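Visitor: I'm new to reading structures. Could you walk me through the labels and show me how each one is earned?
Guide: Sure, have a look first and then ask away.

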Amino acid sequence: MTQMHEILMRVFGFSDFRPGQEEIVQAVAGGEDVLAIMPTGGGKSLCYQLPALMGGGATLVISPLIALMRDQVRGLQAAGVAAGALTSGNTGEETDAVWRGLEDGSLRLLYMAPERLASGAMDRILREAGIARIAVDEAHCVSQWGHDFRPDYLRIGELRRALDVPLSAFTATADEETRAEIVERLFGGAAPRQFLRGFDRPNIHLAFAAKDGPRRQILDFAAARRGQPGIVYCGTRAKTESLAQALGQAGHAACAYHGGMEADQRRVVEGRFAREDGLVVCATVAFGMGVDKPDIRWVAHADLPKSIEGYYQEIGRAGRDGAPADTLTLFGPDDIRLRRTQIDEGLAPPERKGADHGRLNALLGLAEALGCRRVQLLAYFGEEATPCGNCDLCDKPPETFDATEAVRMALSAILRTDERFGAGHLIDILTGSATAKIKERNHDKLPTFGVGKGQDKRHWQAVFRQMMGRDLVRPDPERHGALRMTHAARPILRGEDRIDLRRDAMRRPEGPTPRAMVGEEDAPLLSALKAQRRALAEAQSVPAYVVFPDRTLIEMAERRPQSLDEMARISGIGAVKLERFGAAFLKVITGAGEEMHPARRKLAGKPQGALYDRLMEAQARLARGEDGTGKPLSCGSGTLRWIAERRPASLEELARAPGISTPKLDRFGPAFLDVLQDG
Ligand code: ADP
Ligand code: ZN
């Protein structure tokens, strides 16, 4: 096993790298300049944390978010790593400990907020502190064109030159221009080694639903995931509050979050969300950057996001720990109208508006997709994929029907009324409802009046919504709500092209089928394990995932380790966490505590552990000698541990074990050597 794998296993408790991690860790540890673009949840932190434990000197980590840094430092400390942060939130004691660790060379990771770089003395201090490499998290913050620009990030390039050490930069969002800017500003234009990892997040289940009693849809979705942390993204501030209230009445722990709230109030919500196990936050997109909770189990959109990029980023907050996560995005004709109007009435130049309509179209195309959503989503980001088996359309392929005739009828109603009316009135025309407005305008005399009588209003609403989604018709920005035909619709109108639409979108959607995190028989154990985790987390006032991520608990519930040795094989349990938390969780699983001697516990999960057990057996067999009549003797566990670790090959070497007297050596020695030879 390489040193790299050994640390991965021992400190982080992972048996394998995630895709891409290994090459990046190797490059960073090898002292190369690196720019890595990995999707959220891809496991970027490990790519600089692990190399920090491989070489000499400390790694300086620059990250824009204080809450995130503190969580990472706590997580590392819980795994036995000497890590510290210099942030404005520090207590004097914490800061002192960091300086001490730097001075005596024990500190491996130093987290720092970019503002700290502004102090002139910092370069010198860091140079003296023996910083061996720099890692920059959220590297896109150096880009002035991005929305997360941090002026202090511009100082990082200077610092790199001053310290003359390799730098690795990490980000989840970087288009070509941003990438070029990162190279220019952080690496002084000298191209770093670049790693670009795919955008797929296979553990996130994708689903869309047309709005049909949207409040009930959200409440049902949340009810099926009660007790699991989730986010409901809302289009307006008012809706965050009303939905949070409705969820509260339905018995959820829920609160609202939006940009109009006082900063302290927002911080309270962020803090609660990080720490509590099952809080639901109803939020506007303002709730984002500061959220670094890896175990968000679901994200719902109560309203359609702004673009496909926004959608990807928002659902991407779920399931960063790699465990299953659920999403649901609601959309309706009003959303489409609102988003179109926002673009049209915005201040952007015309070519930008065109691009924005394109991004919205991509999202609507995804919403109205007829095949696997992931294939379509990844195609937008330039990746090819095969049907994923983890989206609503893979679960249940939609029924489609030839809608060419229906679409032609709808287009004809639009054109015959001079593109001046919205869907409601057009549907009245098609279904032949002689309302006052219809009669007033003589629309009951139109040849299209009543041609769609064979289908009900719901059917026609779905046709219009899908036509908007396919960008066959668009609301006219000049005439409020009126629909206009686009170029894309012409071939259908002229009979040169045909079109299929979804039929199931027109029926009431069935109740949501929550996908459980574990099978039915493991569910009670999982919740008991979660309760244990909550108790431990609360006792140390850290977020639950600092103890163990969901994934680890799920694996525990499914595999039910019966001993600390078996426990050590669960992903996410390194040596320190095993020592600290293993017994408490084992007790939950086996119902009884495994009273393991501390000396033995130190060997848990290692081959020496099994050896220790066999030595113990041999000793028990001979406790009263071969014939069972001798005076009882036994070696202490310290002695057995020494033997298991050193594996003496002869009686002479064995005699050097601490606490082994001549009578003990005589009685157990040969048997011990046998055990060692077999093992
Ligand atoms: P991001 O790329 O978004 O910064 P993180 O570094 O926070 O992602 O990692 C996301 C989650 O993935 C964390 O919970 C982390 O513990 C987990 N993780 C990282 N690497 C591995 C791995 N090799 N095996 C299993 N889980 C991993
Ligand atoms: Zn799919």
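**How the labels are earned**

Guide: Let's start with cysteine 388, which is partly exposed, with a relative accessible area of 26%. Keep in mind that this is a predicted model.

Visitor: Why is cysteine 388 called partly exposed?

Guide: Buried means under 20% and exposed means over 50%, with partly exposed in between. Cysteine 388 has 26%, so it lands in that middle class.

Visitor: And what makes cysteine 141 count as buried?

Guide: Its relative accessibility is 0%. The cut-off for buried is under 20%, so cysteine 141 passes.

Visitor: How many disulfides are there?

Guide: Zero, going by the distance rule. Take cysteine 141: the nearest cysteine sulfur belongs to cysteine 47 and is 18 Å away. A disulfide needs two cysteine sulfur atoms within 2.5 Å, so cysteine 141 is in none. In general, a disulfide is a covalent bond between the sulfur atoms of two cysteines.

Visitor: Why is helix H3 described as largely enclosed by the rest of the structure?

Guide: H3 covers residues 44-54, and nine of its 11 residues are buried, so that description follows. The buried ones include Lys44, Cys47 and Tyr48.

Visitor: Which residues come nearest to ligand 1?

Guide: There are 15 residues around ligand 1, and Asp16, Gly41, Lys44, Ser45 and Arg320 come nearest. By type, the shell has four nonpolar, six polar and five charged residues.

Visitor: What makes the pair between arginine 320 and ligand 1 a polar contact?

Guide: An N or O atom in the side chain of arginine 320 is 2.5 Å from an oxygen atom of ligand 1. The limit is 3.5 Å, so the pair qualifies. Lysine 44 uses a backbone N or O atom instead, 2.9 Å from an oxygen atom of the ligand. Glutamine 21 has a side-chain N or O atom 2.9 Å from a nitrogen atom of ligand 1. As for cover, ligand 1 taken alone exposes 570 Å², and the protein buries 86% of that.

Visitor: How do you know that both faces of strand E10 are covered?

Guide: Check each side of E10, residues 230-233: Gly230 and Val232 are buried on one side, and Ile231 and Tyr233 are buried on the other.

Visitor: What makes E10 and E12 a pair?

Guide: Pairing takes at least two bridges, and E10 and E12 have four, so they pair, in the parallel sense. Glycine 230 stands opposite valine 280 in E12. E10 is also joined to E13 by four bridges, again running parallel, with tyrosine 233 opposite histidine 301.

Technical notes:
Residues are numbered from 1 along each chain as its sequence is written. Chains are lettered from A and ligands numbered from 1 in the order in which they are written. This is a predicted model: local features need pLDDT of at least 70, side-chain atom pairs count only at pLDDT 80 or more; totals for chains, interfaces and linings use all residues. Side-chain values use heavy atoms; hydrogens and water are left out. Buried means under 20% relative accessible area, exposed over 50%, partly exposed in between (1.4 Å probe, protein chains only). A residue is near a molecule or strand if one of its heavy atoms lies within 4 Å of it. A polar contact is a pair of N or O atoms within 3.5 Å; within protein, one must be able to donate a hydrogen and the other to accept it, and residues adjacent in sequence count only if both atoms are side-chain atoms. Accessible areas come from the Shrake-Rupley method with a 1.4 Å probe; for residues, only the protein chains shown count as cover. Ala, Val, Leu, Ile, Met, Phe, Trp, Tyr, Cys and Pro count as nonpolar, Asp, Glu, Lys and Arg as charged, and the others, Gly among them, as polar.
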